[in-house]
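Trainee: Could you take me through one residue of this chain closely, and then show me how it fits into the whole?

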Amino acid sequence: MGTWHKIIFGDCRRMTEVYDESVHLMITSPPYYNAPFDYPGLFAGYEEFLEMLREFSRELYRVLAPGRIAVFVTDDMLVDGEKYPVVADITSIMRDAGFRYRDKIVWRKPEGYTRISRRSGLMVKHPYPMYFYPDNIQESILIFQKGKFDYNYVRALPPEVVKNSRIDIGEFQRARWFLTVWEITNVLPFEGRVEKGVAAFPEEIPNRLIRLFSFIGETVLDPFLGSGTTSKAARALGRNSIGYEIDLELLSVIKQKLNCDQLSLSGDQVEILVRSDAKRLRTDLQRRVAKQKSVAGKPRRGV
Ligand SMILES: C[S@@+](CC[C@H](N)C(=O)[O-])C[C@H]1O[C@@H](n2cnc3c(N)ncnc32)[C@H](O)[C@@H]1O
């Protein structure tokens with residue numbers, strides 16, 4: 001049986017295309033507030049960013065099925081020398097919306113990760129107390145749950161579905177999925193990559209989470225779809241997906257990532273809907289990023 005994928009260009013604070021309690025798993029990475037090298041000036045201020053997430057969390061509560069999981073891949077963000085506590089604030093917002101806080105996994109990136117702000121260099125220049133700022137090589141994978149899961153659901157599933165959703169315990173152990181620290185290489189910033197300017201997460205993240213928290217044939221939602229990584233992983237794993245993305249300029253990126261040209265051969269279906277609240281963001285953001293980069297040479301700017 002083929003899978004289906006709905007891509008909706010519009011604001012995820014309103015997911016009118018999605019029925020109540022019809023989503024089995026959410027995996028997402030919201031914009032990293034006003035991250036200097038991805039989203040400079042996207043929000044007028046931190047409170048506006050949080051308010052967007054508050055509104056979204058209530059809509060998420062409506063569409064997620066009871067007992068199911070919602071995962072955020074995110075991190076605290078350093079903007080103009082101030083560190084914003086995104087991880088703590090998303091945790092409070094989700095709890096206020098009625099979700100249970102279930103777990104936090106640290107996603108550890110390789111030490112050679114090139115997109116980090118090299119703040120520790122300050123200590124080399126000034127080897128004295130009070131000059132310490134660490135280089136960040138991690139993000140948080142925050143796991144929430146809507147109430148408790150009823151395991152009778154699994155007993156009622158067709159045996160074929162349960163069998164085909166079985167997790168490979170050899171891989172689970174070898175790749176150390178059982179720990180609260182996951183070592184996964186980030187998307188490498190090769191020139192010409194399809195995800196340029198999107199702050200995409202590597203496919204391995206939705207790949208693991210989809211296998212850990214959904215059954216074959218179920219529906220995975222990514223409300224901040226970006227380049228389409230979650231839908232791509234869902235498709236590869238026999239799950240359906242719904243993705244919301246506000247930036248219409250990402251249409252060709254998503255089509256490319258989902259390999260839309262080869263669809264007829266696979267039996268999978270992709271439906272794309274463009275709503276009137278879709279925007280065009282990428283070109284403007286990239287222009288601002290280029291401007292930031294041209295002034296980023298100044299020593300203590302990122303600290
Ligand atoms: C960090 S990126 C997601 C990257 C994605 N995980 C990937 O692998 O490509 C966040 C995305 O959210 C989109 N976005 C921001 N606000 C939105 C909103 N209110 N509704 C839907 N999408 C939004 C941005 O345009 C951006 O593409």
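Mentor: Happy to; here is a close look at H5, followed by the chain around it. A word on the source: this is a predicted model, in which local features need pLDDT of at least 70 and side-chain atom pairs count only at pLDDT 80 or more, while totals for chains, interfaces and linings use all residues. Residues are numbered from 1 along each chain as its sequence is written.

You will find H5 in strand 1, residues 4-9 (strands are DSSP runs of E with at least two residues, helices are runs of H or I with at least four, and both are numbered from the N terminus). H5 counts as buried because it has 26 C-beta neighbours inside 10 Å; the cut-offs are 20 or more other C-beta atoms within 10 Å for buried, 12 or fewer for exposed, and partly exposed in between, with C-beta atoms placed from the backbone.

Now for its partners. Leaving aside neighbours within four places in sequence, H5 is in contact with S231, R235, N240, S241, L258, D268, Q269 and V270 (contact means C-beta atoms, placed from the backbone, within 7 Å). Between H5 and K232 there are 9.2 Å from C-alpha to C-alpha, although the two are 227 residues apart in sequence.

Stepping back to the chain, among contacts between residues at least 6 apart in sequence, 75% join residues at least 24 apart. Eleven helices and eleven strands make up its list of elements, and 33% of the 303 residues count as buried. Along the principal axes, the C-alpha atoms fill a box of roughly 65 × 40 × 35 Å.

Terms used:
Two residues are in contact if their C-beta atoms, placed from the backbone, lie within 7 Å.
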